[in-house]
Amino acid sequence: MKKNKFYVTTPIYYVTAAPHLGSLYSTLLADVSARYHQLAGQDVFFLTGTDEHGQKIAQAAEKAGKQPQEFVDGFIPSYQEMWKRYNIAYSKFIRTTDQEHIVGVQQWLQRLIDQGDVYKDFYKGFYCTPCETFVTEKDQDKQGADVMCPSCGRATTEVSEECYFFKLSAYQDKLLQFFEQHPDFITPKERLQEVISFVKEGLKDLSISRKTITWGIPFPGDNTHVTYVWADALNNYLTGIGYGTNEASLHTWWPADLQILGKDIVRFHAIYWPAFLMASGLKLPKKLLVHGWIKVDDRKMSKSLGNAVDPKQLANNYGVDEIRYYLTRKMAITQDSEFRISDIEQSINSELANDLGNLLNRCSTLALKNNLSMIEPPKQWSDKSKVLHQECITMIQESRKLVEQGYLYRAVNRIWEYINKANAYFHEQEPWKQARSNQDEFAETIAATVYSLHSIGAMLWPVMPTKMELMLSSLGFEWHKSDDMFVHLQKSAWTVSCTIKKIETLFQKIEITKESNVEETKVEQKIEEKKESYLQFEDFLKVDMRVGTITACDEIEGSDKLLKMQVDFGDLGQRQILAGIKKSFTPDDLVGTQGIFVVNLKPRKMMGIPSEGMMLVASDAQGLQRMIPAGDITPGSKVG
Ligand code: MSP
């Protein structure tokens, strides 16, 4: 087993739609953690992927009129492209429909069956399909006749089916003992208390198969059942590193060092998953990092609630690193956080552009303007610079600790405290005056600021890799990727010589969106998500709609639907238009009135009579209503 390894996982996502900001958030936290551990010189394995079986997916596929496999295949590029766009450097993307995963899950189940941890019985109770959860009696939240899901609050369905059960109850004491011995198992700590209370109330055996659905991994020895989707999905953390197919790799990486998940799926990861591992004779993960939800207008952002924000749109509007920064720092892991466009814009302008970008810009512009590009430590640091250096070391130590505890947002806050100190130092030293009065002091101030920016850039690299690489290369910083960067930064970062060069503005200030436009932006994002099913604006513009005045109207012999109208379109001229409106209107109703017509449809004949346009009408159970201008308007006026 590798001593210096770090194995981090994300939940695997249900592929019922393209990823949204909530999915990006879990994945980003894993990416940022993975990059910090890379900086520490560790070998990192970062697993993410998709959860593709179960009733929820089967139902969504059916609704879309597709086979489940075809349905899930269709979403994979949207995940992989999104992760690429956001610079998510995963080691493996696992799909639960991968053959290697299926083999691993069946092997795992066989072991449980062989050792007597599984038995067949009957489940009679409730099931929440969106959460893929059996809702146990003690959890039932009744609203009238409906039993609501305690997790998502939606109505459950009653099920009654034969199932294979896992003897979860047999692991109750072992779990409690484990929690007691590992108080840091979950970050934040309060979540562990909730889990302990739940387990103490008593664990029931868990159904791990479904007989009433077919979209799943066949249950070993009984192909009338498929594996319950959570028993299938949780095992991705093992099969993704070789369980069932590559023992050596499994033992290299297992146990996971960090498993990231949202608060809605704690029970699965903190109770079922450890019990499954205990039953498999495998170690438990070292830490679960449980984050809160991103909310929009105080509601969880989710695909099914229709308030999901499209990260692609955000990246286009604000930049990838800017959004990575916003999510990592502003969404506190410990609680739910409200997503606000105004906060993103505020962060970009005041923190990224002002605090960090300006410091870099002012320092390097001033140095280069005074012909100082070769940066070296002075023979003797002044007291003020020594204090700044010591604060830099403390920042590295403290933020590293926060990263290890899983508090990424606090680590970034801690780095920002130091950015503020470096700014204060630069300001107090007044290097623009030193440049004229004392070259040595000037060179020292620039050196201390450049070295500070080296540490800041390296410490923020996991959060904003592209921007920080740009910044560091402009400051002549040498990467020591194979070493422990944290050690290098503390020991020798303030002793190196480097050459700085001019850099374009690192973070562009942006124009603040007016409050009234924020709502529109949200709407635009939602529309973007459903792009395929929407008409493009350019296409809409192709439809030529005009106001026309009906100058004459006749019935058509032999037709009980059609009326034939002569319509005046002003400059466009007079046209003959047929419409199937005879059941609702007489010619007298129409003559002398105006209506709205599509005038660029290909002319066609109805009952042998040519028609050069289409009249717009709306219909309901009562019949038809014409679309008419609210007041008189010049015939031929454009509509749209
Ligand atoms: N497929 C299961 C996980 C199986 S892991 C073995 C699942 N999928 S999910 O797509 O519904 O959610 C995956 C992750 O995204 C969860 O951690 C969930 O908390 C997170 N998020 C989904 N919406 C979210 C927000 N609005 N905010 C933050 N994260 C949320 O559950």
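**View 1. Ala 89 sits in the loop between helix 3 (68-85) and strand 4 (92-95).** The model shown here is predicted. Ala 89 has a relative accessible area of 42%. That value makes the residue partly exposed, because this class runs between the 20% limit for buried and the 50% limit for exposed. Beyond its neighbours within four places in sequence, Ala 89 is in contact with Asp 31, Arg 35 and Phe 46. Glu 201 is 112 residues from Ala 89 along the chain, and 41 Å separate their C-alpha atoms.

**View 2. Phe 268 and Tyr 272 form an edge-to-face pair.** Both residues belong to helix 10 (residues 266-279). They lie 4 residues apart, about one turn of the helix. Their ring centres are 5.5 Å apart. The ring planes meet at 80°, so the pair counts as edge-to-face, for which the angle must be over 60 degrees. Phe 268 is buried, at 6% relative accessibility. Tyr 272 is buried too, with a relative accessible area of 8%. The structure holds 33 aromatic pairs.

**View 3. Six aromatic residues are joined in a cluster by ring pairs.** The tyrosines are Tyr 7 and Tyr 237. The tryptophans are Trp 253, Trp 254 and Trp 273. Phe 45 completes the cluster.

**View 4. Lys 263 lies over the face of Trp 293.** The distance to the ring centre is 4.4 Å.

**View 5. Arg 410 lies over the face of Tyr 407.** Here the distance to the ring centre is 4.2 Å.

How values were computed. Residues numbered from 1 in each chain as written. Predicted model: local features only at pLDDT ≥ 70, side-chain atom pairs only at ≥ 80, totals over all residues. Heavy atoms only, no water. Helix = DSSP H or I, 4+ residues; strand = E, 2+ residues; numbered from the N terminus. Buried < 20%, exposed > 50% of the residue type's maximum accessible area, 1.4 Å probe, protein only. Contact = heavy atoms within 4.5 Å. Phe/Tyr/Trp six-rings, centres within 6.5 Å; stacked < 30°, edge-to-face > 60°. Lys NZ or Arg CZ within 6 Å of the ring centre and 35° of its normal.
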